[in-house]
Amino acid sequence: MRVTLHRIVFAITFSLLLGNFSHADVLDDAMRSAMDDCNIRGASVAYFNRNSLSEPIIRSYGKVSSDDRSEDVNPETVFMIASVSKLFAGTAVLKLVSQGIINLDDDICNVLPENYAKSACVNPFWPNTPVTWRMLVTHRSSLRESIPTINNETEAAYGPTGGYVDGTAGGNPTCPLMDVVGFYRDFMIDKTTETSVGSGLGVNWFQVNSESGGSWEEYEPGSKTLYSNFAIGYIASLIEFASGTSFPDYCRDNIFVPLGMNNTAWFRKDLPDGVLEAVPVEYFGEDEAFDDTGHYCFIDYASGSLRISANDLSIFLNSMLNFGAPMLWPEEVGKTALQCAERIDNIISPGDCEYGITWNILTKKTAESWLEHLFHLDWSLGGEHAGLEAGSQTQVILLPGAGIYALVLTNTDGNDDMAAQILTKELLLKAPEIDGLLGSQRSSSSAVTRLNQFLCGIQAISMTIMLIF
């Protein structure tokens with residue numbers, strides 16, 4: 001009878017331990033399966049629910065480049081995060097507001113040098129309508145969508161590889177492209193080109209601008225939404241005038257350092273020595289193969305080329321669960337980032353508002369289908385942003401009312417353009433199943449840890465049985 005009872009106890013205990021191990025691995029299984037389906041080379045993901053976790057679940061998968069001998073991605077691996085970078089351009093603007101340096105409804109002409117032509121800050125079709133900081137961060141400035149190619153093929157604002165559309169990079173043989181002030185000046189003002197950007201090609205940027213339709217659209221500033229990489233890139237230049245320091249330095253001193261984001265920088269040269277970087281990779285479906293795009297840069301960098309790790313992005317999102325308070329600004333200032341920031345006829349737009357301060361506002365009415373499984377949560381002041389560049393697909397979700405955030409960083413494109421969203425959906429579906437078990441584990445090595453715990457448990461049971469008999 002004792003032997004039978006012992007076998008029953010052993011079997012039950014073994015099953016429970018094995019069940020916990022298998023259950024805890026459901027996220028890894030889902031992520032790896034989705035990465036295989038979407039042909040993603042390397043990724044880091046993070047999930048946090050402050051109602052049930054003390055720290056975020058952060059996992060990493062795959063390789064940092066197309067080379068099978070390259071290192072494994074880890075939570076400190078730095079990715080270029082494409083348009084998710086815009087959230088930090090918006091954060092920098094809001095930081096200037098909190099410091100009393102600007103107001104969201106100030107005319108951007110106010111910070112430009114007196115010798116600048118009005119073409120750098122006034123839409124010539126609407127000369128009496130001021131263009132404001134608010135318009136820039138909500139994509140309603142009437143500035144053009146992007147920097148044009150030269151002869152429809154050369155991406156002169158990129159270097160030395162990459163390219164947002166189908167052009168070939170040619171802006172610089174090396175990175176970074178740093179002269180953001182000089183570039184926007186020469187692009188928007190009729191003068192001799194002085195900037196180093198594209199200088200090897202003999203580019204006259206104002207001529208390129210004029211031949212491609214000019215800096216400004218014909219509609220009135222503030223009246224219409226046009227998603228604009230060009231406008232967000234211009235924010236970096238304007239902040240340099242407003243703050244008296246370079247945009248990368250301003251972000252470092254006022255955002256990254258106060259939050260403890262040690263593996264974050266706009267330029268690769270400013271990352272810590274020895275940091276592991278994910279190389280942008282392209283997937284070629286016909287060959288079913290990966291190839292390195294290589295590291296690259298572009299002059300409107302504030303719109304898409306921040307380098308950051310999953311750990312550091314988690315720090316930022318965790319801060320934004322409390323609306324950036326107290327490290328960045330008071331809570332009421334931070335709420336502005338996720339509230340409707342669009343203004344029409346001096347009234348904040350109600351209803352179908354799209355943007356906070358560079359955040360895409362999350363509403364159940366306008367949400368994409370892959371987010372429907374989250375409809376039972378509190379979406380008040382929710383926001384999201386996605387990113388897609390050469391060798392980069394990214395996604396962040398922030399739900400302060402529910403106390404939840406999620407992020408996905410990948411180093412691959414050329415595959416499914418919804419790859420980051422597919423991974424994010426799987427993350428949001430599977431992570432809640434394990435948050436009580438693995439909330440304190442922060443790396444991709446957690447599966448090994450769980451296995452060791454499992455084996456130790458089995459060993460302890462065996463010793464107990466020996467003592468009984």
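Visitor: The link of Cys175 and Cys297 caught my eye, so which is it, left-handed or right-handed?

Guide: The link of Cys175 and Cys297 is left-handed, with -90° about the S-S bond. This pair ties together distant parts of the chain, as Cys175 sits in the loop between strand 6 (168-169) and helix 5 (180-188), while Cys297 belongs to strand 10 (residues 297-298), 122 residues apart. Helices (H or I, at least four residues) and strands (E, at least two) are DSSP runs, numbered from the N terminus. Please keep in mind that this is a predicted model, in which local features need pLDDT of at least 70 and side-chain atom pairs count only at pLDDT 80 or more, whereas totals for chains, interfaces and linings use all residues. Residues are numbered from 1 along each chain as its sequence is written, and side-chain values use heavy atoms, with hydrogens and water left out.

Visitor: How far apart are the sulfur atoms of Cys175 and Cys297?

Guide: The sulfur atoms of Cys175 and Cys297 lie 2.0 Å apart, and the two residues form a disulfide, a term used here for a pair of cysteine sulfur atoms within 2.5 Å.

Visitor: And why does Cys175 count as partly exposed?

Guide: Cys175 counts as partly exposed because its relative accessibility is 36%, where buried means under 20% relative accessible area, exposed over 50%, and partly exposed in between (1.4 Å probe, protein chains only). Its partner Cys297, on the other hand, is buried, with a relative accessible area of 7%.

Visitor: OK, how many disulfides does the structure hold?

Guide: The structure holds three disulfides. If you number the bonded cysteines of the chain in sequence order, the pairing runs 1-2, 3-4, 5-6.

Visitor: Where in the chain are Cys109 and Cys121, then?

Guide: Cys109 and Cys121 form a disulfide with their sulfur atoms 2.0 Å apart, and with 100° about the S-S bond their link is right-handed. Both Cys109 and Cys121 are in the loop between helix 3 and helix 4 (133-137), twelve residues apart. Cys109 counts as buried at 15% relative accessibility, and Cys121 is likewise buried, at 3%.

Visitor: What about Cys340 and Cys353, left-handed or right-handed?

Guide: That link is right-handed, with 85° about the S-S bond of Cys340 and Cys353, and their sulfur atoms are 2.2 Å apart. Here Cys340 lies in the loop between helix 10 (331-338) and strand 12 (343-344), and Cys353 in the loop between strand 13 (347-348) and strand 14, with the two positions 13 residues apart in the count along the chain. Cys353 is buried, with a relative accessible area of 9%.

Visitor: Is Cys251 buried or exposed?

Guide: Cys251 counts as buried, at 0% relative accessibility, and Cys38 also counts as buried, at 3%.

Visitor: Changing topic: where is Ser83?

Guide: You will find Ser83 in the loop between strand 3 (78-80) and helix 3 (86-98). With a relative accessibility of 7%, Ser83 counts as buried.

Visitor: And which residues is Ser83 in contact with?

Guide: Setting aside neighbours within four places in sequence, Ser83 is in contact (heavy atoms within 4.5 Å) with Tyr227, Asn229, Ser303, Gly304, His385, Ala386, Gly387 and Leu388.
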